Amino acid sequence: MHQKQIGRTDLTVTDISFGCAGIGNIGHAISDQEAEDVLQAAWDAGIRYFDTAPHYGRGHSEERLGSFLKNLDRSSFAISTKVGRVLSPGPALSEADGFVEPLPNSVRYDYSGAGFEEAFDQSCQRLQTDTIDILYVHDIGAYTHGADNGRHMKDFFASGLDKLQELKASGRIQAYGLGVNETRVCLDILARTDLDAILLAGRLTLLDRDAEAELVGICQKRATSLILGGIFNSGILATGPTESAWFDYKPASQDIIEQVTDLQRKTETFGVPLATAALHYAHSHPAAASVLIGTGKISSLKRNLAALETPIPTGCQELFGY
């Protein structure tokens, strides 16, 4: 694994990172032991950057990650988690927000300074640490909140941003930024303030290159690191253009199916599976500081890591366009 700097900070992270939605039971439940085993497999492979969030199983992912990391040297790994959702005791549910068997917590959105502080302190307790390396503002933007986003942006700029700066100045975090699924809110916020990093899900992939138009260039000029998540676009770049394929958290449209069919034909011309090409596109992108691999299965983790270690022909690389 290579280490890459985050923004202009002293923090470095491994260029391959582990996304912890899977150990929060996204889509299906796994046991505590299975979660520990896949985290151990990631550690054994050299991954030293782990990303989680209160949203993932309503705290379940953070608790499992904290349990795994608690006896390891804190200086040997980096953690990122997110603010914007505050948890409180709630009813037991079999499923919530796409996560199976979440912890019995209710959720409220809060992008104010007080909300960020409350969410941060809760996350530190679940993660069994006093410090978080990168703190992302989770899902702010019209993609998640629609017309209600104006209220959240007002709260963020009125006091939320100040809280992030305060946490960084005190040393409780080393970097802060956004964890989002859209480019527009990134551009809007960068127009008003600097960010150390953006965890961008699904908008800089082999299929969806929305971030290339403006955001990539701005981030490079401003030294804002990009961490790439959702590199399979909710699965379609992993499964291929099947009838049951998903894109952007919902069943893929016919137009997306046709685009992916064309991509698959092109990559397979060079003997490269579509999923392998998608991994290499993200990992080798000059703007990417780290690429998240998120899974609850050791077999999936090892398959993706092996794909990244497999060289691909120059002709296939030329499809990437950078």
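1. Start with D51, which has its place in strand β4. The model is a predicted one. D51 has a relative accessible area of 1%, and it counts as buried because the cut-off for that word is under 20%. Leaving aside residues up to four places away in sequence, D51 touches F18, G19, C20, Y56, S80, K82, Y136, L199 and L292.

2. Two of these contacts, S80 and K82, lead to the next strand. β4 (residues 49-51) and β5 run parallel and are joined by three bridges. Within this pairing, Y49 stands opposite A78 of β5.

3. Is β5 mostly covered or mostly open? It is mostly covered, with six of its six residues buried. This holds for both faces: A78, S80 and K82 are buried on one side, and I79, T81 and V83 are buried on the other.

4. β4 and β5 belong to a barrel that eight strands close, in the order β3-β4-β5-β10-β11-β12-β13-β16, with parallel pairing. On average, neighbouring strands of this sheet are turned by 25 degrees against each other, if direction is ignored. As general background, strands of a sheet pair through backbone hydrogen bonds, and the pairing is either parallel or antiparallel.

5. One pairing in the barrel is that of β13 (residues 225-229) with β16 (residues 288-294), which is parallel and has three bridges. Here L228 has V291 of β16 as its bridge partner.

6. Now the helices. Helix α3 covers residues 113-127, which makes 15 residues. From first C-alpha to last, α3 reaches 21 Å, close to the 21 Å expected at 1.5 Å a residue. Just after α3, Q128 takes a positive phi of about 60 degrees.

7. Which residues of α3 are buried? They are G113, G115, F116, A119, F120, Q122, S123, C124, R126 and L127. The buried residues of α3 pack against two helices and several strands, including α2 (60-69), α5 (149-169), β5 (78-83) and β10 (132-138). Strands β6 (85-89) and β11 (173-180) are also among these neighbours. As for α5, this helix lies across β10 and β11 and runs at about 145 degrees to β11.

8. The whole structure holds 11 aromatic pairs. In one of them, the rings of F116 and F156 have centres 6.4 Å apart and planes at 55 degrees, so the pair is tilted. This pair links distant parts of the chain, since F116 is in helix α3 and F156 is in helix α5, 40 residues apart. In general, a pair of aromatic rings is described by the distance of the centres and the angle of the planes.

9. Are F116 and F156 buried or exposed? F116 is buried, at a relative accessible area of 0%. F156 also counts as buried, at 1%. F156 forms a further aromatic pair with F157, and this one is edge-to-face, with 4.9 Å from centre to centre and 75 degrees between the planes. F157 is buried too.

10. Taken together, ring pairs link Y109, Y111, F116, F156 and F157 into a cluster. The ring of F157 also has a charged neighbour: R192 lies over its face, 3.7 Å from the ring centre. A similar arrangement involves W43, where the charged end of R48 sits over the ring, 3.6 Å from its centre.

Definitions and conventions
Residues are numbered from 1 along each chain as its sequence is written. This is a predicted model: local features need pLDDT of at least 70, side-chain atom pairs count only at pLDDT 80 or more; totals for chains, interfaces and linings use all residues. Side-chain values use heavy atoms; hydrogens and water are left out. Helices (H or I, at least four residues) and strands (E, at least two) are DSSP runs, numbered from the N terminus. The expected span of a helix is 1.5 Å times one less than its number of residues. Buried means under 20% relative accessible area, exposed over 50%, partly exposed in between (1.4 Å probe, protein chains only). Contact means heavy atoms within 4.5 Å. Rings of Phe, Tyr and Trp (its six-membered ring) pair if their centres lie within 6.5 Å; planes under 30 degrees apart count as stacked, over 60 as edge-to-face and the rest as tilted. A charge sits over a ring if NZ of Lys or CZ of Arg is within 6 Å of the ring centre and within 35 degrees of the ring normal. Two strands pair if DSSP finds at least two bridges between them. Axes are lines fitted to C-alpha atoms, for helices over the stretch in contact, and angles run from 0 to 180 degrees between N-to-C directions.
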